[in-house]
Structures are given as structure tokens and as C-alpha cells.
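Q: I have a model open and would like to talk through a few spots in it. Can we start with a single residue and work outwards?

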Amino acid sequence: MGTEERSKNVEKENQAIIEGFRLSPQQSRLWLLQQNSQDAPYYAQSTILLEGKLNAQMLEAALNRLVQRHEILRTTFRCLPAMTLPLQVIDEPGRVLLQYYDLSSWEERAQEGRIEALLDEAARHPFDFERGPLWQTLLVKLAPEKHLLVFRLSALCADRAGLEALVGELSLCYAVVSGEEDFLAEPMQYADLAQWQNELLESEETETGKEYWRSQPLTDLLAIKLPFENHHPVIKLSGAAQAAEKAIDGTPAPGRFAPQSLSKLVEPDQVWQIEALAQQVGTSVSVVLLACWQILLWRLTGQSDILIGTAYDGRNYEELQGALGLFQRYLPISSHLEGHFTFGEVLKQLDEVTSEANTWQECFTWEQIASSNGHCDATSFFPYCFEYAPEPASFPSGELSFTIADCYACTDRFKIKLTAARWAEALQLAFHFD
């Protein structure tokens, strides 16, 4: 994969001019989705446990170096009135505002409550896409050698894999400012990668992949509903709340997306059984879990053909593994289930379909689907989704270690999504629902 010479797009209207770069296909889709949302559900957030001797001034210097190195962390999105999509505009580096809180004298339960309140407060401040910055940082001291660092970014700038790459980059920057390292390789910039992705989609070499996605029968599968999903109780709202909701039957206003979640921990002994089964049939843990999810949805809906939007990280190329930014896509994974099928047959079917999807993931866009499915458009979405996240890495940096303690990214819409995240020997299941 090579990077072409960088060229800016210029948009003009009357005397107003914007110079910037085209959005990536993933950014374009997300921009259209979030225009219909009254809240700010599309964000990426990571909580990093810092253990060891922390120098807060060095950490701030490392954050500033991080922003200087990566343009996506100082990118804003600007458009003129006639434009449907904005341009990525890269601003000059500014000083990072690190919000600091010392809770080292608090009891553990009080610390947890205060941290939750801080995160809720941060969530109430929507991102300013034209002025930026599109990320927030909190540093919380829990003990002399134990801190929490929280990153919160617009999903236009990060996905789950991008959060892990960001933490790795920060640990390297901290090593440089503390004298542990003296060289950092020049990173690839997201605006260049976005240009490459657009050129790839527009080229003839991806025609086979685009035809693969156009041939998928999705229209009917997108309409499947869970029992009772629209049977919301009527809730009495105040006049102001009714105006905000713009609904008369207790359901959210059209277009509104307000996800919540429930979590369940799968203990290590069950995880080992899942791993043993995956190894026995020659597949992955993620395919086993996806199969379980599809079977559950089949039982709930009574439908033999099940479609699940499954998260792919969009990093098939080695050069993209450590890249910052939004690359993730949800791809349609469908399968046909019958009561007489064995679990092994379901796994084999899914293994083949997920492998094919991985091969053609760079070729998928909702525009491709809309061209062959009249009921779809660029803001259509998969009602039922799935995401598997392997255990995040820990990054040592001299006397300090950076370990991801929690990670969340919402980069697409859904009705209900199962996220399975590996943490040490256990598995954290999160059921996200709109």
C-alpha cells in the first residue's frame, strides 16, 4: 500500500473558501448518521490505568507531542451551507488541556462514584466539530503510584482499535520526553489514508468486491424485528420534554439514537470451554460467540435467515495496524439456520462467510448496497450487531506502565449490539440497546 502525494480539496461559495481533505468513507457515513441525532452517542472513550511513578508535567508534554505528531487529533470538520459533507481541516497544534483531579484521599467506593460523575459531566459537553478540539482528557490520581487517564474523542477521529494505537503512541511519547527513548518514526497521517481509501473504492480493482456486496440479499433481512421492540409504555412528559421528544406515543422521536447497555461477566472456566471448542473445530472464539448470538436471535425472532452487522477493524494492511483514526466498518454477516443443524454446521457456515467478508471489507459502503436495494440509503443500518475485541495490550514506558482498563466506541447505529471483550482470563459481554 503506497501513499500518493497529498492534495487539498478547495470548496468555495461566494467569497467563503475552505481548504481541507475529503472525509474517509467511514467518516462520510458517520457524519450523515450523526446529523439525525439529538444527542452525541457517537464517541470513542478509553480509560488507561497508569501504574508507577508518574510525572504529570512529562505526561502533559507527551500529550502535546502526541497532538503534534498526529493530525487527526487536531482535525476539525467544516462545510459551507451548500455542502452535504464537510472537509477535514487540520489545525495548528495547540496546547492540550489536561483536567486533573486528586482523589487519593478518598475511599474506593467514593472514588468510583466521583469518576462516574466526571465522565457523565464530560458526556454532557458535545463536541464542536468546526472549532474543536474533538477530544477531552482527564487525569485522576487514585494513589501515589496509581492514576487513571481518560480519553474521550469524537468517533470521527477514533474507533476501538484506534484507541489502543493512541495509548501505544502516548507511551512512546512519554518515553521520549522522559529520556527513555530518543527517536520516533514518522507516523502515517489519517488524511492521506482517507484519500487512499476513497481512491481504492473508486478504482476498477475493487469492482469484484463491490459486486460481492451488491449481490447480498439484505432488504428483507434488515426489516426483522424482535418481539415487543416497538411496544414501549406511554410515558407522561413535561411540556418541554414533549417538545424535545416530538413524539406522542412514548417512543423516541424519529431519527433519535440513544443507546444504553447491560453487562455480564463470563468466568474463566466458561471462557476456557469456548476456547477449547473453537480450537476443536478449527475456528476462532469470535466466530463461536457470533454463532451463539445468531442462534439466540433466531430463537427470539423465529426467522431462519439472520443478518448481523459485524465489526471489522478495517486494518487489513500492516501499515494500518498502528494508525490513529476511524477505520472500523460493520459488515453484513448472514446465515440460514434450521432446527436440525448441528452447532458444528453453523460454525462452518459462519467461518466461510466471515472470511469472505474480511477479504472484501475495504469495498463495502452503504451506497453500494443502496444501488441494488431500493429500501436502503446512506443512513440505513444493521438492526442487530456484533463486535469482538481481543484483550488490549499493556505498554511499559520506563518506570510507568500504560494499561487499558476500559474501552468503548460507538461508530455506527444499531437496535441491539453484543460486544464481547476479552479481559485477562474472563470475557466481558455488553448488550447495547437503543
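Q: Is Leu-50 buried or exposed?
A: This is a predicted model, and in it Leu-50 counts as buried, because its relative accessibility is 0%, under the 20% cut-off.

Q: Where is Leu-50 found, and which residues does it touch?
A: Leu-50 belongs to strand 3, which covers residues 43–52. Leaving aside residues up to four places away in sequence, Leu-50 touches Leu-59, Leu-139, Glu-145, Lys-146, His-147, Leu-149, Leu-400, Ser-401 and Phe-402.

Q: And how many residues lie between it and Phe-395 in sequence terms, and what is the distance in space?
A: Leu-50 and Phe-395 are 345 residues apart in sequence, while their C-alpha atoms are 9.8 Å apart in space.

Q: What about Glu-71, is that one buried or exposed?
A: Glu-71 is buried, with a relative accessible area of 13%, and it is found in the loop between helix 2 (56–69) and strand 4 (75–78). Apart from residues up to four places away in sequence, Glu-71 touches Arg-6, Ile-90, Gln-189 and Ala-191.

Q: Switching to helices: how do helix 8 and helix 9 cross?
A: The axes of helix 8 (residues 268–281) and helix 9 (residues 285–301) come within 8 Å and cross at roughly 105 degrees, so the two helices are roughly perpendicular to each other.

Q: Which residues make that contact?
A: Helix 8 contributes Ile-274, Glu-275, Leu-277 and Ala-278, and helix 9 contributes Val-285, Val-288 and Leu-289. Of the residues in this contact of helix 8 with helix 9, six are nonpolar, none is polar and one is charged.

Q: Now the sheet with strand order 9-16-15-12-10-11, which strands stand at its edges?
A: That open sheet of six strands has mixed pairing, and its edges are strand 9 (260–266) and strand 11 (329–336), each of which has a single partner strand, so one side of each is left without a neighbour in the sheet. The twist averages 25 degrees from one strand to the next.

Q: How many bridges join strand 10 to strand 11?
A: Eight bridges join strand 10 (residues 305–312) to strand 11, and the two run antiparallel; Leu-307 stands opposite Ser-334 in strand 11. Helix 10 (residues 343–359) lies across strand 10 and strand 11, running at about 150 degrees to strand 11.

Q: Last thing, where is confidence lowest?
A: The mean pLDDT of the protein is 87, with 90% of its residues reaching 70 or more, but confidence is lowest in helix 7 (residues 239–245), at a mean of 37, and highest in strand 12 (residues 384–389), at 96. Over residues 234–252 the pLDDT is below 50, and this stretch has 20 contacts in the model beyond near neighbours in sequence.

Methods:
Residues are numbered from 1 along each chain as its sequence is written. This is a predicted model: local features need pLDDT of at least 70, side-chain atom pairs count only at pLDDT 80 or more; totals for chains, interfaces and linings use all residues. Side-chain values use heavy atoms; hydrogens and water are left out. Helices (H or I, at least four residues) and strands (E, at least two) are DSSP runs, numbered from the N terminus. Buried means under 20% relative accessible area, exposed over 50%, partly exposed in between (1.4 Å probe, protein chains only). Contact means heavy atoms within 4.5 Å. Axes are lines fitted to C-alpha atoms, for helices over the stretch in contact, and angles run from 0 to 180 degrees between N-to-C directions. Angles under 35 degrees count as roughly parallel, over 145 as roughly antiparallel, 65 to 115 as roughly perpendicular and the rest as oblique. Ala, Val, Leu, Ile, Met, Phe, Trp, Tyr, Cys and Pro count as nonpolar, Asp, Glu, Lys and Arg as charged, and the others, Gly among them, as polar. pLDDT is the predictor's confidence in each residue, from 0 to 100. Two strands pair if DSSP finds at least two bridges between them.
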